[in-house]
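The following exercises concern the structure shown below. Each task is followed by a solution that proceeds step by step.

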Amino acid sequence: MYDRVLTAAEVLTLAAPPAAPLDLVASAGDGQVLLDWSAAAGATAYHLKRAAISGGPYPAIATNADVSFTDTTVSNGITYFYVVSAINSIGESTNSVEAAAHPVSLAPAAVTVALANSELRL
């Protein structure tokens, strides 16, 4: 068996929360926001947080093990602001850089149809 002494940097890395996740992207859809980010080394899960205003406060909306999440608890026409933090057995990272999304309805616009002399006119 081979024994080796850990360096101070290795010890600090083992006894620290993970770094904040990078590259958070929020993509709006119809009644949903898809969130993706880069994995943080040593993270075992992520806390997703959402605010109604830029800069927070950011209440947690989910804990997720993957590096993507779909928020289906949003309303169309409202801008949402998101951050994500990484967690492990030691603790939680700082928040990521904020990303924003504005979900909108993808339904086609209403068309009015009128009948005149039994003909369809648009």
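The exercises move from the whole fold to single residues.

The model is predicted: local features need pLDDT of at least 70, side-chain atom pairs count only at pLDDT 80 or more, and totals for chains, interfaces and linings use all residues. Residues are numbered from 1 along each chain as its sequence is written, and side-chain values use heavy atoms, with hydrogens and water left out.

**Exercise 1. Describe the secondary structure and the overall burial of the protein.**

Step 1. The protein has 1 helix and 9 strands. Helices (H or I, at least four residues) and strands (E, at least two) are DSSP runs, numbered from the N terminus.

Step 2. Along the sequence the order of these elements is α-β-β-β-β-β-β-β-β-β.

Step 3. Of the 122 residues, 30% are buried. Buried means under 20% relative accessible area, exposed over 50% and partly exposed in between, with a 1.4 Å probe and protein chains only.

Step 4. The accessible surface is about 7800 Å², and carbon and sulfur atoms contribute 59% of this surface. The areas come from the Shrake-Rupley method with a 1.4 Å probe; for residues, only the protein chains shown count as cover.

Step 5. Among contacts (heavy atoms within 4.5 Å) with a separation of 6 or more, 58% join residues 24 or more positions apart.

**Exercise 2. Determine the strand order of the sheet that contains strand 3, and describe the pairing of strand 3.**

Step 1. An open sheet of 4 strands has the order 4-3-6-7, with antiparallel pairing. Two strands pair if DSSP finds at least two bridges between them.

Step 2. Strand 4 and strand 7 (99-101) are the edge strands, each pairing on one side only. Neighbouring strands in this sheet are turned by 25° against each other on average, direction ignored. Such angles run from 0 to 180 degrees between N-to-C directions, the axes being lines fitted to C-alpha atoms, for helices over the stretch in contact.

Step 3. Strand 3 is joined to strand 6 by 7 antiparallel bridges, and L48 has V84 as its bridge partner in strand 6.

Step 4. With strand 4 (residues 60-64), strand 3 forms 4 antiparallel bridges. Here K49 is opposite A60, and Y46 is opposite N64.

Step 5. In strand 3 (residues 45-51), 7 of 7 residues are buried. A45, H47, K49 and A51 point one way, while Y46, L48 and R50 point the other way.

Step 6. The loop between strand 3 and strand 4 contains P57. The peptide bond from G56 to P57 is cis, with omega near 15°.

**Exercise 3. Describe the sheet that contains strand 1 and the backbone features of its hairpin.**

Step 1. An open sheet of 3 strands has the order 1-2-5, and its pairing is antiparallel. Its edge strands are strand 1 (22-28) and strand 5 (68-71), each of which pairs on one side only. The average turn between neighbouring strands of this sheet is 15°, direction ignored.

Step 2. Strand 1 and strand 2 (residues 33-38) run antiparallel and share 5 bridges. In strand 2, S38 is the bridge partner of L22, and L35 is that of A26.

Step 3. The hairpin of strand 1 and strand 2 has 4 residues between the strands, and G31 in this hairpin has a positive phi near 70°.

Step 4. D23, in strand 1, is a residue other than glycine with a positive phi, near 60°. D23 is exposed because its relative accessible area is 55%.

**Exercise 4. Classify the aromatic pair, then characterise the surroundings of S85.**

Step 1. The structure holds 1 aromatic pair. The centres of the rings of W37 and Y46 are 5.5 Å apart and their planes lie at 65°, so the pair is edge-to-face. Rings of Phe, Tyr and Trp (its six-membered ring) pair if their centres lie within 6.5 Å; planes under 30 degrees apart count as stacked, over 60 as edge-to-face and the rest as tilted.

Step 2. Both W37 and Y46 are buried.

Step 3. S85 belongs to strand 6 (residues 80-87). S85 counts as buried because its relative accessible area is 0%.

Step 4. Leaving aside neighbours within four places in sequence, S85 has contacts with residues including P21, Y46, H47 and E92.

Step 5. The side chains of S85 and E92 make a polar contact at 2.5 Å. A polar contact is a pair of N or O atoms within 3.5 Å; within protein, one must be able to donate a hydrogen and the other to accept it, and residues adjacent in sequence count only if both atoms are side-chain atoms.
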